Amino acid sequence: MQSIAPPANFAEWRSLARTLLADKIPPQEVFWQRDTEEDSLFSNPTPLPKIPGQLKVPAAFIKIAEAVSCHRSGDQWPFLYSLLWRLTHGERHLLSIASDPELHRVQSMAKHISRDCHKMHAFVRFRKVGEDPKTGREQFVSWFEPDHKIIRLNSSFFRKRFANMDWSILTHDECMHWDGQKIRYTPGVDKSQAPDSDALEDLWRSYYKSIFNVARVKVKAMQSEMPKKYWKNLPEAQLIEDLISNSSHHVDEMLRSPPSPEKPAPQNDYLKGLRELPEH
């Protein structure tokens with residue numbers, strides 16, 4: 001039995017997996033340890049050397065493995081290696097077998113990651129903290145609490161979306177920083193390191209209030225898309241409960257209001273000509 005310490009990320013897992021494949025070690029002979037205090041105290045995993053080379057597997061597997069490597073459970077490593085072993089030992093079409101239990105488990109993890117990434121894209125709120133005196137670029141900081149370790153997985157999205165400003169996204173796991181040239185990473189920090197507010201938040205709250213449609217609000221659906229765990233970090237969240245509680249009052253006012261008078265048809269020669277065309 002080969003005992004292996006949990007890899008820190010996808011690149012580390014891929015290097016370990018290459019070594020295991022090269023040594024022809026099947027999945028059932030590998031014990032992927034959990035990253036717990038008990039493991040660190042009472043176990044002594046065998047280190048594996050890194051070897052070069054590319055894995056000849058479907059690109060779809062690499063994509064899903066990179067995503068699932070961000071799962072916080074730590075259960076993904078044996079499933080990924082088992083799928084990799086099978087893909088390279090005669091089951092080339094494994095990814096098309098939806099009923100396969102191992103594949104189903106990995107795909108379920110991938111959905112968790114996809115949803116978490118979507119939430120990060122939607123709920124990161126940057127706060128202005130200053131301006132670089134040399135470049136004149138505005139500097140922003142955001143605090144976010146993802147369910148999984150998805151910071152690096154989202155780097156491309158935020159780099160493209162906010163390329164014209166300097167920013168940092170802080171989390172417990174890891175922090176990501178963009179300076180207009182490259183992204184760098186630093187260890188995770190506590191929420192106390194993030195700013196509480198900035199002058200732009202009043203403008204954002206005013207905008208959110210103006211677009212909040214009281215006639216169409218569905219509380220359960222809204223909370224499904226915007227779970228309450230994110231509210232404490234969203235400036236507009238301070239308005240949500242009041243807007244919801246007053247929604248019925250505003251709807252009643254809308255229903256009691258007389259309908260707006262119908263606007264006359266525009267005087268347009270082209271439209272007039274169309275109306276005068278003979279019917280066939």
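Here is a walk through this predicted model, from the whole chain down to single residues.

Let's start with the big picture. The protein chain has 280 residues, and 36% of them count as buried. Along the chain you can find 11 helices and 7 strands. How much of the contact list comes from residues 24 or more positions apart? Counting contacts with a separation of 6 or more, such residues account for 66%.

Before you zoom in, check how confident the predictor is. The average pLDDT of the protein chain is 80, and 68% of the residues score at least 70. One stretch to treat with care is residues 37-52, where pLDDT stays under 50. The model does have 21 contacts beyond four places in sequence for that stretch. Still, where pLDDT is low, the predicted coordinates should not be read in detail.

Now head to the start of the chain. A8 is found in the loop between β1 (2-4) and α1. Is A8 buried or exposed? Its relative accessibility is 58%, so A8 counts as exposed, the cut-off being over 50%. In sequence A8 and G74 are 66 residues apart, yet their C-alpha atoms are 9.7 Å apart in space. Go a little further along and you meet K24, in the loop between α1 (10-22) and β2. Most residues other than glycine have a negative phi. K24 is not a glycine, but its phi is positive, at about 60°. With a relative accessible area of 67%, K24 is exposed.

Next, have a look at two helices lying side by side. Two packed helices are described by the angle between their axes and the distance between the axes. For helix α3 (residues 59-68) and α4, the axes come within 11 Å and cross at roughly 170°. Angles over 145 degrees count as roughly antiparallel, so that is how α3 runs relative to α4. Which residues make the contact? On the α3 side they are F61, A65 and V68, and on the α4 side Q76, L80, L83, L84 and L87.

V68 also turns up in the surroundings of I113, a residue of helix α5 (residues 101-123). Leaving out residues up to four places away in sequence, I113 touches A67, V68, C70, H71, H148, I150 and L153. I113 has a relative accessible area of 1%, so it is buried. Its partner L153 is 40 residues away along the chain, with 9.5 Å between the two C-alpha atoms.

Time for the aromatic rings. A pair of them is described by the distance of the centres and the angle of the planes. How many aromatic pairs are there in this model? The count comes to 9. In one of them, W32 and Y81 sit 6.1 Å apart, centre to centre, with 55° between the planes, which makes the pair tilted. This pair links distant parts of the chain: W32 belongs to strand β2 (residues 30-32) and Y81 to helix α4 (residues 76-87), 49 residues apart. Both W32 and Y81 are buried.

Compare that with F158 and F162. Why is this pair called stacked? Their ring centres are 6.1 Å apart and their planes are at 15°, and planes under 30 degrees apart count as stacked. The two residues also have their own exposure labels: F158 is buried, with a relative accessible area of 1%, while F162 is partly exposed, at 23%. Follow the ring pairs and you get a cluster made of F126, F157, F158, F162 and W167.

Another aromatic residue to find is F140, in strand β4 (residues 138-143). F140 has a relative accessible area of 8%, so it is buried. The C-alpha atoms of F140 and I169 are separated by 8.7 Å, and the two residues are 29 apart along the chain.

Finish with two arginines. R152 lies over the face of Y185, at 3.9 Å from the ring centre. R184 is in strand β7 (residues 183-187). The C-alpha atoms of R184 and R152 are separated by 9.9 Å, and along the chain they are 32 residues apart. R184 is also in contact with C175, M176 and H177, leaving aside its neighbours within four places in sequence. Its relative accessibility is 47%, so R184 counts as partly exposed.

Conventions:
Residues are numbered from 1 along each chain as its sequence is written. This is a predicted model: local features need pLDDT of at least 70, side-chain atom pairs count only at pLDDT 80 or more; totals for chains, interfaces and linings use all residues. Side-chain values use heavy atoms; hydrogens and water are left out. Rings of Phe, Tyr and Trp (its six-membered ring) pair if their centres lie within 6.5 Å; planes under 30 degrees apart count as stacked, over 60 as edge-to-face and the rest as tilted. Helices (H or I, at least four residues) and strands (E, at least two) are DSSP runs, numbered from the N terminus. Buried means under 20% relative accessible area, exposed over 50%, partly exposed in between (1.4 Å probe, protein chains only). A charge sits over a ring if NZ of Lys or CZ of Arg is within 6 Å of the ring centre and within 35 degrees of the ring normal. pLDDT is the predictor's confidence in each residue, from 0 to 100. Contact means heavy atoms within 4.5 Å. Axes are lines fitted to C-alpha atoms, for helices over the stretch in contact, and angles run from 0 to 180 degrees between N-to-C directions. Angles under 35 degrees count as roughly parallel, over 145 as roughly antiparallel, 65 to 115 as roughly perpendicular and the rest as oblique.
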